[in-house]
Amino acid sequence: MAKIIGGLTTSHIPAIGNAMHGKLEQEPYWKRFFDGYEPVRQWLDEVQPDLAIVVYNDHGLNFFLNQVPTFALGCADSYQNDDEGWGIPASADVKGDAELSWHIAESMIRDEFDITTCQEMKVDHGFMVPMNLFWRDKPAANWPKAIPLAVNTVQHPLTSAKRCYDLGKSLRKAIDAYPEDMKVVVIGTGGLSHQLQGERAGIIDVDFDLQCMDRIINDPSWMTGLSNDYIMEKAGTEGIEVIMWMVMRGALNDRVNVLHKHYHAPISNTGAGVLLLTDAE
Ligand code: DHB
Ligand code: FE
């Protein structure tokens with residue numbers, strides 16, 4: 001049977017891609033940030049997952065503002081990296097698993113999540129930066145397979161932390177019911193606090209970020225009780241990306257083990273958090 005063996009989180013800012021490409025990891029500005037990923041990379045090396053579900057938001061590459069699905073699932077056997085802007089150069093296509101994707105799509109739609117199914121999907125920095133961060137020493141051809149699950153955090157009205165959490169539960173149900181032996185990790189990307197434009201550009205609320213990390217681990221019902229307006233007031237307009245972490249959290253048990261937790265701010269314009277969680281019994 002397929003099994004979710006862990007939940008990971010990470011920021012996905014393009015500047016990280018640029019830093020990896022320029023080999024700036026040991027520079028004073030970046031060192032502490034990148035060091036925060038080492039325990040997760042070691043764990044991934046040990047457990048060797050077969051597949052990653054990457055929960056991310058498209059930033060206008062595959063879905064432009066003229067058509068934005070709230071939830072979209074990649075249902076292809078490969079995904080084309082066509083990162084825009086200041087990131088990593090486009091790499092080889094990332095391998096998908098269309099069979100598992102369709103299984104998830106059927107299961108989620110039975111659960112009344114009306115997701116969009118995408119048999120072609122280009123993936124931007126929201127997806128590629130996390131993959132490159134966690135499997136940094138490996139070419140894309142040697143990464144585990146990946147399935148993109150895109151959540152609209154760009155074009156309002158947006159879905160909620162609660163709905164993302166529930167989607168995570170539906171994802172868990174789907175994976176648990178998949179007959180093939182397969183080790184799966186779920187990666188929640190984006191956040192934490194940041195705002196990229198307007199008068200409040202550059203806003204970072206460290207206390208709120210740390211509270212979010214703590215509550216997502218120990219008390220996700222706190223997070224599902226927050227309105228999007230409140231999250232954006234505290235964490236900035238793009239800070240709303242944190243709701244995607246709740247898909248990862250919903251896919252794990254009510255109680256979790258914290259194998260790793262790291263926070264660093266600022267990096268580019270954001271507060272950046274890394275988590276590695278596994279199910280507690
Ligand atoms: C930045 C953060 C993001 O989430 C993003 O999509 C683009 C840029 C930043 O902080 O620079
Ligand atoms: Fe983003």
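**Metal site, ligand surroundings and packing in the predicted model**

Along the chain, the residues that donate to the iron ion (ligand 2) follow the spacing H-x46-H-x181-E. His-12 of this set is placed in the loop between β1 (2-10) and α1 (14-21), while His-59 is placed in the loop between β2 (51-56) and β3 (71-74), so the pair ties together parts that are 47 residues apart in sequence. In this model, which is predicted, the protein donor atoms are NE2 of His-12, NE2 of His-59 and OE of Glu-241, and they lie 2.1 to 2.2 Å from the iron ion. The two histidines can also be described by their accessibility: His-12 counts as buried, at 2% relative accessibility, whereas His-59 is partly exposed, with a relative accessible area of 27%.

The three protein donors of the iron ion, His-12, His-59 and Glu-241, also belong to the surroundings of ligand 1, which further include Ile-13, Pro-14, His-125, His-194, Leu-196, Ser-268, Asn-269 and Thr-270. An oxygen atom of ligand 1 lies 3.1 Å from a polar side-chain atom of His-12, and for His-125 the corresponding separation between a polar side-chain atom and an oxygen atom of the ligand is 2.8 Å. In the case of Asn-269, a polar backbone atom is 3.3 Å from an oxygen atom of ligand 1.

His-194, which is among the residues surrounding ligand 1, is located in the loop between β9 (182-189) and α7 (206-218), and at 3% relative accessibility it counts as buried. Its side chain is joined to that of Glu-241 by a polar contact of 3.5 Å. When residues up to four places away in sequence are not counted, His-194 touches Ile-203, Ala-235, Gly-236, Thr-237, Glu-238, Gly-239, Glu-241, Asn-269 and Thr-270; of these, Glu-241, Asn-269 and Thr-270 are also found around ligand 1.

His-125, whose side chain approaches ligand 1 to 2.8 Å, belongs to helix α5 (residues 125-134), a mostly covered element in which 10 of its 10 residues are buried. The buried residues of α5 include His-125, Phe-127, Met-128, Pro-130, Leu-133 and Phe-134. The N-terminal end of this helix is capped by Asp-124, a side-chain oxygen of which lies 2.8 Å from the backbone nitrogen of Gly-126.

Helix α5 also supplies contacts to Thr-10, a residue of strand β1 that is buried, with a relative accessible area of 0%. The side chains of Thr-10 and Tyr-37 make a polar contact of 2.6 Å. Beyond its neighbours within four places in sequence, Thr-10 is in contact with residues including Tyr-37, Pro-130, Leu-133, Phe-134, Ile-187, Trp-245 and Gly-273.

Strand β1 pairs with β11 in the antiparallel sense over 3 bridges, and Leu-277 in β11 is the bridge partner of Gly-7. Strand β11 (residues 270-279) is itself mostly covered, with 10 of its 10 residues buried. It is joined to strand β10 (residues 256-267) by 9 bridges, the two strands running antiparallel, and one of the bridge pairs places His-264 opposite Ala-272 in β11. The two strands form a hairpin with 2 residues between them, and Ser-268, which is in the turn, has a positive phi of about 50 degrees. Ser-268 is likewise among the residues that surround ligand 1.

A separate open sheet consists of 3 strands in the order β5-β4-β7, with mixed pairing. Its edge strands, β5 (94-95) and β7 (122-123), each pair on one side only. Strand β4 (residues 78-81) pairs with β5 in the antiparallel sense over 2 bridges, and Ser-78 stands opposite Lys-95 in β5.

As regards hydrophobic packing, the largest nonpolar core has 55 residues, and those with the most contacts inside it are Ile-53, Ile-104, Leu-171, Ile-175, Met-223 and Ile-231. Helix α6 (residues 161-176) gives the most to this core, contributing 7 residues. Apart from it lies another core, of 44 residues, among which are Trp-30, Val-185, Ile-267 and Val-274. Returning to Ile-175, its contacts outside the neighbours within four places in sequence are with Ala-2, Lys-3, Ile-4, Ile-53, Leu-100, Ile-104 and Val-184.

Note on methods:
Residues numbered from 1 in each chain as written. Chains lettered and ligands numbered in written order. Predicted model: local features only at pLDDT ≥ 70, side-chain atom pairs only at ≥ 80, totals over all residues. Heavy atoms only, no water. Donors = N, O, S within 2.8 Å, 3.2 Å for Na, K, Ca; no water. Helix = DSSP H or I, 4+ residues; strand = E, 2+ residues; numbered from the N terminus. Buried < 20%, exposed > 50% of the residue type's maximum accessible area, 1.4 Å probe, protein only. Polar contact = N/O pair within 3.5 Å; in protein donor to acceptor, adjacent residues only side chain to side chain. Core = buried A, V, L, I, M, F, W, Y, C linked by side-chain atoms within 4.5 Å. Contact = heavy atoms within 4.5 Å. Pairing = 2+ DSSP bridges. Near = heavy atom within 4 Å.
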